[in-house]
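Here's a friendly walk through a protein model, meant for someone meeting it for the first time. Have a look at the picture, then read on.

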Amino acid sequence: MDTAVAAPPASVPVTLRKLYFVRFAFAAVWAALLFATADTLGPLGTTLLLVYPLFDVAAAIVDVRSAKANGGPAAPLYANIAISSLTVLALALAATSGIPAVLRVWGAWAVTAGIVQLVAGAVRRRLGGQWPMIVSGAISTLAGISFVTQAGADDPSLGSLAGYAFLGGVFFLASAVRLTRGTRDRSA
């Protein structure tokens, strides 16, 4: 059996590992900042809301470049770029209407991006370290539904978005650690 045919290029896991570590760090810092401003939708909170999907777009672009350079699947990543770009615009509009509108838009994004992340993780299983991404995508989909539900609450807050982002970051960290182990195993 020729295992070299099934093995992914070494640079893919290395690139993903680095990207996932950066995504974890960003999510942790972003969540802390948003949590501190979660009860109001002022300029800082609005800026944070727009920065998160913009960062997602940037990370997906880095991911696409790596995937294309190594012959990997890029279609789910392109879908993610489109969805997150549209989300930035939708959040900018929703922020002018208040927290419930923001929760609805974020919820729709979490559902669609979660499905895309689940698909991308499933397609990339051979790279290793993707089960946390698959689980995270499923959780994101469910969380998105809860955000839409929270929008109808008496006193909605953006605090749940901070928790969602931090948990997503933890899943990126778990994938990065798994990819680190996989890279070491392949080089041994």
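A residue is called buried when its relative accessible area is under 20%, exposed when that value is over 50%, and partly exposed in between. Keep that in mind, since the word comes up soon. Also keep in mind that this is a predicted model.

**The overall build**

The protein chain has 7 helices and 0 strands. Going along the sequence, the pattern simply reads α-α-α-α-α-α-α. The chain has 188 residues, and 46% of them count as buried.

**A charged pair on the inside**

Side chains of opposite charge can pair when their charged atoms come close. How many salt bridges does the structure hold? There is 1 salt bridge, and it joins the side chains of Arg-23 and Asp-56, at 2.3 Å from N to O. Arg-23 belongs to helix α2 and Asp-56 to helix α3, so this pair links distant parts of the chain, 33 residues apart. Are these two residues buried or exposed? Both Arg-23 and Asp-56 are buried, so each has under 20% relative accessible area.

Helix α2 also holds Thr-15. Its partner in the next comparison is Ser-66: the two are 51 residues apart in sequence, but their C-alpha atoms are 6.9 Å apart in space. Thr-15 counts as partly exposed because its relative accessibility is 26%.

**Spaces in the model**

Now for the empty spots. A search of the whole structure turns up 1 cavity of 30 Å³ or more. Which residues line the largest cavity? They are Arg-23, Phe-26, Ala-27, Tyr-52, Phe-55, Asp-56 and Phe-172. Two elements give two or more residues to this lining: α2 (11-36) and α3 (43-69). So the salt-bridge partners Arg-23 and Asp-56 turn up again here, as part of the cavity lining.

There is a pocket to look at as well. The lining of the largest pocket is made up of 30 residues, and the closest to its centre are Arg-23, Asp-56, Ala-113, Gln-117 and Phe-172. Helices α2, α3, α4 (75-95), α5 (99-123), α6 and α7 each give two or more residues to the pocket lining. Which helix gives the largest share? That is α5, with 7 residues.

Here are the two spaces side by side:

| Space | Volume | Nonpolar lining residues | Polar lining residues | Charged lining residues |
|---|---|---|---|---|
| Largest cavity | about 60 Å³ | 5 | none | 2 |
| Largest pocket | about 490 Å³ | 18 | 8 | 4 |

**A nonpolar patch on the surface**

Finally, let's turn to the outside. Val-135, Ile-139, Phe-166, Leu-167 and Val-170 form a nonpolar patch on the surface, and together they have about 370 Å² of accessible area. Two or more of these residues come from each of α6 (131-150) and α7 (159-187). The largest share, 3 residues, comes from α7.

One member of the patch is Leu-167, which sits in helix α7. Why does Leu-167 count as partly exposed? Because its relative accessibility is 39%, and partly exposed covers values between the buried limit of 20% and the exposed limit of 50%.

Note on methods: Residues numbered from 1 in each chain as written. Predicted model: local features only at pLDDT ≥ 70, side-chain atom pairs only at ≥ 80, totals over all residues. Heavy atoms only, no water. 1 Å grid on protein atoms, 1.4 Å probe; cavity = no way out; pocket = protein on both sides within 12 Å on 5 of 7 lines; lining within 4 Å. Points joined across faces, edges and corners; volume = space filled by probe spheres on them. Helix = DSSP H or I, 4+ residues; strand = E, 2+ residues; numbered from the N terminus. Nonpolar A, V, L, I, M, F, W, Y, C, P; charged D, E, K, R; others polar. Patch = residues over 30% accessible without salt bridge, like charges linked within 9 Å, V, L, I, M, F, W, Y side chains within 5 Å. Areas by Shrake-Rupley, 256 points an atom, 1.4 Å probe, with all protein chains shown as cover. Salt bridge = Lys/Arg side-chain N within 4 Å of Asp/Glu carboxyl O. Buried < 20%, exposed > 50% of the residue type's maximum accessible area, 1.4 Å probe, protein only.
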